[in-house]
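Here's a structure to look over together. Have a look at the sequence and the 3D view first, then read on for a short tour of some cysteines and a sheet.

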Amino acid sequence: MKLYSNLFILLCFTSTVFSQNSSNDETFSPPEFKGGVKEFHNYLDKYLKYPQLELENGVEGDVLASFAVGSSGEIDEVEIITANSPGFAKEVKRALILMPPWESTKINGTPTETLTHMQIYFSINKSRVKNDNETYECLIHSFPINEKSIAQKKEIAKSQAEGKDFYDKGVIELENKNNTLALDYFNRAEQQGLQFIDLYYNRALANYRAGNKDAGCKDWLEAARMGDAESLNLFNAKCSSFVEATQPVAAGEPLIYAEEPERIAKSVIDKFKSTDFSGIQTLQELAEKISQITLEKREQLQMLLLWSHENMNVDTVRFFNGGSSLTTANAFKNRIGLCDEYSNIVNDFCNQLNIPSLIVDGYVKDASFEQGKPFEEINHTWNAVKIDSSWVLCDLFWSTCVLMTNDSKQSRFEKKLNALYFLSTPDIFIENHLPGDPIFQFDNFPIKVNAFTSSEKTNLSMERMPYLNYSDSIKILMKLNNRERTIHIAQHAYAYNKNNPNSLISAYYNYGVAVLNNKSSPKQDLLNAKKYFTSALLLIEKSNKIHIIALRESCQKGLEYINKRLSSL
């Protein structure tokens, strides 16, 4: 049975380092969370969670982090400087990345970029006071020491104690299968202000057993949004009709995004529902239409999700029988595709609206996943997009459909809006999406591929790679052209997972073909193509995939053609 958790995040402070020198004659105002200290407290209270593994093991500690506040208030360059636990580091980074823009620093009235440091303490049922007049303090779950604050603290402690008592009684009744009584205790615990994963998980179980399926699904979804993989799996397995019954397009309800501070606002849904998309023929027309409705990048992608859910369909023939991929134009025109077409649609859409985007090839734990079996081929594709200076992840395919299997083991796709996989944070994706290139885990200590395949659930104790500066690595990638970027990503992916040489073979081969097809390719490109064809031939010996082995003859012919071209220069 799950454990009770009670979180106090006690103190954080920020200090600001200016990006330019200041003199005594200069006036400045420091960066500030919009709404001030109180709203910043509210934000952290709502979106910063105590990591489950550390909680269960009684681990406490603190994290020192830094981030840049741009001249327009955008948050960027979030880094963890020190942390006594990877769980604390990951949770703080997630919460900081998701912050909305701040009020920027102003020097003599001019907005200025600044580097801000923040320290956050994690403690269980304890209080801590930090006295430092040189720092900017923001106390969380803490009060000035006076009679009123003591009374407040006593009242909070009493309420939490009562809530814990109700929760513990609910667990006992749930174990005894007294579901109705368990629900009463869980509801009373929530009324006392308790809000944590295990409360929602166990109340969902009680509701589901009592026949209240929608209420159970709602609680599993809430627990999943708080980062619980088991709740997410139960929601996906048992709640296939829940999203269909409450999806915003049909019912006008807000669509909730996983681990995001905001929902899709009703105004966005209303704009989408009131817009006539019937004449849209191309992706460019769709992008132009949406850009006329809203200039907000997040809202533009949200509208793409809503449009795709209504209009796109799974290419079931190719999924079950194989076949060649479609061009983005053909996929959009015919309103059909698989994950590669869906990710290309997102990427092209972003390119047209100037949203930084990358296509991410990788591995997913789908119905065919076997624990402990290595991944030998890429089996899925999704996107990373940069919104408000932060990288978030979009799996448009998984967000709009689900593969269902009946009792006769027959499978079919159904439309289903699952927003947990759209504009979501990397810690949600890593539960079942492993990027081929580890930099797309967006973690300076990426999980090792064998740890991912050998574990049923992702956890903080999984074996990780040495330090990897993903932020700088991505900046380097973004400066490369598409062809060079593909090669670099494939090389990273092979170094990460030696069981899969096939992606790198394909990248080398495709580079060489592209160079040969260009009759004006310069000498350096020809030399690179020669090197890549040669490398592909060596790697083919490591592959057991028929379609890859079949490239051997083509690579040999490619080398012959390149040598002829080089000799004529």
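## Cysteines and a sheet

Counting disulfides in this predicted model gives zero. Why don't C350 and C394 form one? A disulfide needs two cysteine sulfur atoms within 2.5 Å. The cysteine sulfur closest to that of C350 belongs to C394, and at 7.0 Å it's too far away for a bond. Looking from the other side, C394 is in no disulfide either, and its nearest cysteine sulfur is that of C350, 7.0 Å away.

Are these two cysteines buried or exposed? C350 counts as buried because its relative accessibility is 0%. C394 is buried as well, with a relative accessible area of 0%.

Now for the sheet. It's an open one with five strands, in the order 16-13-12-11-17, and the pairing is antiparallel. At the edges sit strand 16 and strand 17, each of which pairs on one side only. Going from one strand to the next, the twist averages 45°.

Here are the residue ranges of the strands:

| Strand | Residues |
|---|---|
| Strand 11 | residues 357-364 |
| Strand 12 | residues 380-387 |
| Strand 13 | residues 390-394 |
| Strand 16 | residues 422-424 |
| Strand 17 | residues 433-435 |

Let's zoom in on one pair. Strand 12 and strand 13 are joined in the antiparallel sense over five bridges, and V385 stands opposite V392 in strand 13.

What lies across strand 11 and strand 12? That's helix 16, made of residues 339-352, and it runs at about 20° to strand 12.

Technical notes. Residues are numbered from 1 along each chain as its sequence is written. This is a predicted model: local features need pLDDT of at least 70, side-chain atom pairs count only at pLDDT 80 or more; totals for chains, interfaces and linings use all residues. Side-chain values use heavy atoms; hydrogens and water are left out. Buried means under 20% relative accessible area, exposed over 50%, partly exposed in between (1.4 Å probe, protein chains only). Two strands pair if DSSP finds at least two bridges between them. Helices (H or I, at least four residues) and strands (E, at least two) are DSSP runs, numbered from the N terminus. Axes are lines fitted to C-alpha atoms, for helices over the stretch in contact, and angles run from 0 to 180 degrees between N-to-C directions. Contact means heavy atoms within 4.5 Å.
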